Amino acid sequence: MNTGGNRSGAPRSIWVEEPLTHRRMPDPVRIAAVRAMIVTAVTLTQAVMAFLFSVTGSWLAFPLVLSSVGSTVVATWAVLDVWVTRQVWHQRYGVVSAPSSTARQLRRERRQARRTARAAARAAARIRRRGRAGGRLSQA
């Protein structure tokens, strides 16, 4: 008598977490994609309605066909906007850095120089503080 559990007797979970295979789209790209999908859905609906009105011989067929042509241009523009937004986002924020990258090496060197400079400044400040306080006590 199997009640849907596994061999250990514990019931099997309905919800199974699966790891993501790819990262989520950046917000500007996702917004452009949603906009493009809405415009495309409206365009396809208009095209179907224009076809059905044409088949029935309705006077609304001609204005709907004209607006479908215009909507097709807008939908094409919206899809191109997704592509352009994605490319711009990758150019601005999507720097892929390989271990052998010269840019990565330069950043590492600059970071090391900043750390060394900060450590030297802290040591100099510590010496100045120690020298001031120590000098007053011994002279008094």
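A helix, as the word is used here, is a DSSP run of at least four residues, and helices are numbered from the N terminus. The model in these exercises is a predicted one.

**Exercise 1.** Determine how many helices and strands the chain has, and in what order its elements run.

*Solution.* Begin with the count, which gives three helices and zero strands in the chain. Then follow the chain from the N terminus on, and the elements read α-α-α.

**Exercise 2.** Find the aromatic pair of the structure and decide whether the pair is stacked, edge-to-face or tilted.

*Solution.* The structure holds one aromatic pair. The ring centres of Trp-89 and Tyr-93 lie 5.6 Å apart, and their planes stand at 50 degrees. Rings pair if their centres lie within 6.5 Å, while planes under 30 degrees apart count as stacked and planes over 60 as edge-to-face. An angle of 50 degrees fits neither of these two classes, so the pair of Trp-89 and Tyr-93 is tilted.

**Exercise 3.** Explain why Trp-89 and Tyr-93 are separated by about one helical turn, and classify each of the two as buried, partly exposed or exposed.

*Solution.* First, place both residues in helix H2, which covers residues 61-93; because they are four residues apart in this helix, about one helical turn separates them. Next, recall that buried means under 20% relative accessible area and exposed means over 50%, with partly exposed in between. Trp-89 has 25% relative accessibility and therefore counts as partly exposed, whereas Tyr-93, at 55%, counts as exposed.

**Exercise 4.** Identify the residues of the largest nonpolar core and the elements that give two or more residues to it.

*Solution.* The largest nonpolar core has five residues in all, namely Ala-32, Ala-33, Ala-36, Ala-78 and Val-82. The elements that contribute two or more residues to this core are H1 and H2, and the largest share, three residues, comes from H1. For the chain as a whole, buried residues make up 11% of the 140 residues.

**Exercise 5.** Describe the nonpolar surface patch that includes Val-48, and classify Val-48 by its accessibility.

*Solution.* The patch is made by Val-48, Phe-51, Leu-52 and Val-55, and its area is about 410 Å². Val-48 is found in helix H1, which spans residues 27-56. Since its relative accessibility is 49%, Val-48 counts as partly exposed. To set the patch in context, the accessible surface of the chain comes to about 12400 Å², and 64% of that surface belongs to carbon and sulfur atoms.

Technical notes. Residues are numbered from 1 along each chain as its sequence is written. This is a predicted model: local features need pLDDT of at least 70, side-chain atom pairs count only at pLDDT 80 or more; totals for chains, interfaces and linings use all residues. Side-chain values use heavy atoms; hydrogens and water are left out. Rings of Phe, Tyr and Trp (its six-membered ring) pair if their centres lie within 6.5 Å; planes under 30 degrees apart count as stacked, over 60 as edge-to-face and the rest as tilted. Buried means under 20% relative accessible area, exposed over 50%, partly exposed in between (1.4 Å probe, protein chains only). Patches are made of residues with over 30% relative accessible area and no salt bridge: like charges are joined within 9 Å, nonpolar side chains (Val, Leu, Ile, Met, Phe, Trp, Tyr) within 5 Å. Accessible areas come from the Shrake-Rupley method with a 1.4 Å probe; for residues, only the protein chains shown count as cover. A salt bridge is a side-chain nitrogen of Lys or Arg within 4 Å of a carboxyl oxygen of Asp or Glu. A nonpolar core is a set of buried Ala, Val, Leu, Ile, Met, Phe, Trp, Tyr and Cys residues joined through side-chain atoms within 4.5 Å.
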